[in-house]
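Subject: Structure handover

Hi,

Here is the structure I promised to pass on. Have a look at it first, and my notes follow below.

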Amino acid sequence: MSADRARRIALAAQGFADPRPRGAPTRTHLRRVLSRTKLLQLDSVNVAVRAHYMPVFSRIGPYAAELLDDAAWSHGPRRPRLLAEYWAHEASLLPVQDWPLLRWRMREHGGSWRRHARELLDRAPQLVEDVLAGVKGLGPVGAGTLERELGGGRRRGSGPWWNRTDTKRACELLFATGHLTTGARRGFERLYELPERVLPASVLGSEPDEEVAIRELVERSAQALGVATEPDLRDYYRLDPQRSRRAVTELVEAGALEPVAVRGWDRTAYRHTAARAPREITGRALLCPFDPLIWERQRAERVFGFRYRIEIYVPQASRRYGYYVFPFLLDGRLVARVDLKADRAAGVLRVPGAFAEPGTDRAEVVVELVAALREMAEWLGLDDVVVGERGDLAGALVPALR
């Protein structure tokens with residue numbers, strides 16, 4: 001398989017070959033995006049827009065944020081919840097029907113990288129029980145409110161004092177084990193709730209065998225990626241190598257995956273047999289750093305020839321491109337990157353830096369990037385786009401925006 005064909009397969013699998021809605025996006029369009037991406041990563045950074053909102057915008061264009069909020073955090077017989085929160089690819093929103101596929105991880109207290117939370121079970125078992133009882137009586141409720149309700153830092157009755165950190169850890173431990181979930185969000189604060197109050201009974205009563213669940217997750221990864229190496233497939237739900245390799249072998253034997261050699265790739269890839277390769281990919285999209293198309297940086301470099309690193313934790317003087325940089329996808333290729341900040345006080349979308357990739361048609365990129373920036377600003381309720389001085393595209397963007 002050529003690298004170009006692999007790239008088109010990957011883009012189609014992520015929904016970039018699907019047409020945008022002609023009218024206002026609906027829950028049906030959101031479902032279509034989720035059928036492609038399988039999950040949306042959550043992240044606390046809000047420099048431009050929260051990470052879970054942006055991948056939907058990148059695929060269907062301007063939509064009401066309430067559409068996603070309602071799908072993730074409302075519940076009731078008339079508007080059943082579409083999404084649940086759990087540790088999938090980091091903290092994620094995933095379809096509620098996939099929640100049982102991670103019950104094995106819940107038995108492992110959220111995964112090996114969160115084992116430190118288990119020490120609370122030995123050090124403060126009563127606190128864990130008190131927090132669960134507190135949520136039962138008060139939920140949906142935040143950790144700060146729980147800490148106050150448990151006696152101003154002290155659990156009711158006699159016993160040791162607990163600080164908010166311990167209360168938060170107890171909440172996170174119970175979330176990791178599946179005894180708590182997110183009932184609602186206040187800003188970005190998680191309000192904890194009992195799963196049986198917000199998730200359907202059919203989900204709560206289902207617990208597939210671990211090997212079956214992991215095989216299902218790997219197949220979902222393959223559907224979302226189209227063509228991928230085993231480490232790519234493993235990374236999507238942060239699975240361990242042994243489990244992932246076994247699942248890949250079983251899926252190949254079952255005919256769901258086909259081993260392929262992609263020219264220029266340094267290891268065997270696997271194509272999902274339902275993946276399609278459109279003749280071309282058209283359209284434009286700004287991608288947040290946590291978009292599933294690019295969140296695995298080695299894959300982004302392999303598929304697009306695009307070396308990408310998030311520089312949030314890099315000292316300002318050492319940053320090459322900026323604090324929160326969005327790659328720009330145009331007609332199936334990553335052609336530029338822009339540092340973005342939503343200045344809500346001033347009502348503008350700021351672009352401190354804009355950089356073209358080598359070999360791109362800069363005149364075409366500028367025209368399309370201006371349109372994409374204006375569309376994003378309008379979606380965020382901002383009145384204008386203001387470009388800074390950094391980057392080789394900045395000088396051309398300023399007059400184009402005028």
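Which helices each supply at least two residues of the lining of the largest pocket? They are α2 (27-37), α10 (195-198) and α12 (210-225). Before you go further, keep in mind that this is a predicted model.

A bit more on that pocket, then. The space in it comes to about 330 Å³. There are 19 residues in the lining, and R31, L82, P95, V96 and Q97 are the ones that lie nearest the centre. Of the helices and strands, α2 gives the most to the lining, with 3 residues. By type, the lining splits into 8 nonpolar, 6 charged and 5 polar residues.

Next, the sheets. Strands of a sheet pair through backbone hydrogen bonds, either parallel or antiparallel. One open sheet here has 3 strands in the order β1-β3-β2, with antiparallel pairing. Its edge strands are β1 (40-41) and β2 (83-88), each of which pairs on one side only. Between β1 and β3 (residues 90-95) you'll find 2 bridges, again in the antiparallel sense. If you want a spot to zoom in on, L40 stands opposite L93 in β3. Helix α4 (residues 65-73) packs on this sheet and touches β1, β2 and β3, and its direction makes about 75° with that of β2.

The other sheet I'd point you to is also open and antiparallel, with 3 strands in the order β6-β8-β7. Here β6 (227-229) and β7 (257-260) are the edge strands, each pairing on one side only. From one strand to the next, the twist averages 35°. β7 and β8 (residues 269-272) run antiparallel and are joined by 4 bridges; L257 has H272 in β8 as its bridge partner. Helix α14 (residues 241-254) lies across β7 and β8, running at about 105° to β7.

Last, a helix pair. Helix α12, which we met at the pocket, also packs with α1 (residues 3-13): their axes come within 6 Å and cross at roughly 110°. Angles of 65 to 115 degrees count as roughly perpendicular, so α1 is roughly perpendicular to α12. On the α1 side the contact is made by I9, A10 and A13, and on the α12 side by Q223, A224 and L225. Those residues divide into 5 nonpolar and 1 polar, with no charged ones.

That's what I have for now. Shout if anything is unclear.

Cheers

Note on methods:
Residues numbered from 1 in each chain as written. Predicted model: local features only at pLDDT ≥ 70, side-chain atom pairs only at ≥ 80, totals over all residues. Heavy atoms only, no water. 1 Å grid on protein atoms, 1.4 Å probe; cavity = no way out; pocket = protein on both sides within 12 Å on 5 of 7 lines; lining within 4 Å. Points joined across faces, edges and corners; volume = space filled by probe spheres on them. Nonpolar A, V, L, I, M, F, W, Y, C, P; charged D, E, K, R; others polar. Pairing = 2+ DSSP bridges. Contact = heavy atoms within 4.5 Å. Axes fitted to C-alpha atoms, helices over the stretch in contact; angles between N-to-C directions. Parallel < 35°, antiparallel > 145°, perpendicular 65-115°, else oblique.
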